[in-house]
Amino acid sequence: MFHYNHSIWKSDALEIPGVAHGFSTREGGVSTLSHTASMNTGFFRGDDSETVVENIRLLCRHAGLSETVVCTPQIHSDIIRYVTRENVGEGTQRDVPFSCDGFVTDQPGVTLLVRVADCAPVLLAGVTEAGAPLVGAVHAGWRGTAAGIAAKAVAMLREMGAAEVHAAVGACIHSCCYQVGEELRDTVAELRGREFAARHVTRRDGALYADIAGMNRELLLEAGVGAVDVCGECTRCNPALYHSHRATGGVRGTMGAVIGILR
Ligand SMILES: [Zn+2]
């Protein structure tokens with residue numbers, strides 16, 4: 001179950017000891033431009049850097065996390081990086097350190113941030129046999145989703161010692177609104193099989209619609225995740241609460257999803 005509180009969504013699935021997280025909406029920030037107000041975590045969207053940095057700080061505070069963040073430009077890949085305290089601060093200014101679409105860590109005090117505006121944010125929390133927490137964050141648009149980025153994060157957490165992993169898929173564009181082309185369906189079929197594509201890319205009134213939340217849920221369950229919580233909210237359906245790339249033609253702010261291990 002997802003709960004909305006003080007501008008962020010939280011999922012029961014990720015409520016494990018020593019871990020905090022949050023999925024932002026467009027509420028709770030300090031941006032004042034009509035298209036970025038008020039929570040925009042993306043540079044190059046019209047806000048000055050100080051405003052974006054302050055928004056990221058506020059998002060961490062709302063989520064109960066330390067403000068020592070790692071984030072990067074995202075490229076719709078399936079690249080995930082293991083990060084440590086040495087990486088803190090990377091991507092939190094208007095610099096371009098490296099690109100990837102997900103992070104995992106086992107170190108306390110490292111807040112992982114991924115950014116979305118219709119793409120699916122996937123947050124993961126695992127626990128080792130000894131009870132130590134591990135966390136991951138993934139940006140999953142259709143390309144990353146079809147490439148299996150969420151399952152890849154699960155595999156990395158297992159390699160790091162996770163005995164069990166829980167996951168939550170935050171608000172994203174749902175199949176009510178996500179009209180897509182044949183190319184998307186064909187690529188999903190190529191990467192994940194025709195049956196998978198048929199389950200998640202369906203025809204309605206002569207057009208194709210994709211369900212990226214459903215794809216991620218299936219791939220996470222297949223990867224052995226015990227609990228997958230999916231937020232039912234569609235970002236395109238509610239532009240007052242969410243930044244939506246589709247709803248705005250790309251003139252929009254960017255939301256953030258954060259997770260970390262408490263110090
Ligand atoms: Zn919708």
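Let's start at Leu-124. Not counting residues up to four places away in sequence, Leu-124 touches Val-135, Gly-136, Ala-153, Val-154, Leu-157, Val-165 and Ala-167. Keep in mind that this is a predicted model.

Where does Leu-124 belong? Leu-124 is in the largest nonpolar core, which has 79 residues. Leu-124, Ala-150, Ala-153 and Ala-167 are the residues with the most contacts inside that core. Helix α3, residues 149-159, supplies the largest share of the core, with 7 residues. As background, nonpolar side chains in soluble globular proteins tend to be buried together.

Now the sheets. A reminder for the newer people: strands of a sheet pair through backbone hydrogen bonds, and the pairing is either parallel or antiparallel.

One open sheet has 6 strands, in the order β1-β2-β3-β15-β7-β4, and its pairing is mixed. Which strands stand at the edges? They are β1, residues 2-5, and β4, residues 69-70. Each has a single partner strand, so one side of each is left without a neighbour in the sheet. For β4, there is a parallel pairing with β7, residues 111-116, over 2 bridges. Within that part of the sheet, Val-69 has Thr-111 in β7 as its bridge partner.

Helix α1, residues 49-63, packs on this sheet. The strands that α1 touches are β2 (8-11), β3 (19-24), β4, β7 and β15 (255-261). The direction of α1 makes about 125° with that of β3.

Which residues of α1 are buried? They are Thr-51, Val-52, Asn-55, Ile-56, Leu-59, Cys-60, His-62 and Ala-63. These buried residues pack against β2, β3, β4, β7 and β15. When you look at a list like that, remember that an α-helix has 3.6 residues a turn, so residues three or four places apart point the same way.

We can also check the length of α1. With 15 residues at 1.5 Å a residue, α1 should span 21 Å. The C-alpha atoms at its ends are 21 Å apart, so the two values agree. After α1 comes Gly-64, with a positive phi near 80°.

Last, another open sheet. This one has 3 strands in the order β11-β13-β12, with antiparallel pairing. The edge strands are β11, residues 179-180, and β12, residues 201-204, and each pairs on one side only. Between β12 and β13, residues 207-210, the antiparallel pairing runs over 4 bridges. As one example, Val-201 has Ala-210 in β13 as its bridge partner.

Terms used
Residues are numbered from 1 along each chain as its sequence is written. This is a predicted model: local features need pLDDT of at least 70, side-chain atom pairs count only at pLDDT 80 or more; totals for chains, interfaces and linings use all residues. Two strands pair if DSSP finds at least two bridges between them. Two residues are in contact if their C-beta atoms, placed from the backbone, lie within 7 Å. Axes are lines fitted to C-alpha atoms, for helices over the stretch in contact, and angles run from 0 to 180 degrees between N-to-C directions. The expected span of a helix is 1.5 Å times one less than its number of residues. A residue is buried if 20 or more other C-beta atoms lie within 10 Å of its own, exposed if 12 or fewer, and partly exposed in between; C-beta atoms are placed from the backbone. A nonpolar core is a set of buried Ala, Val, Leu, Ile, Met, Phe, Trp, Tyr and Cys residues joined through C-beta atoms within 7 Å.
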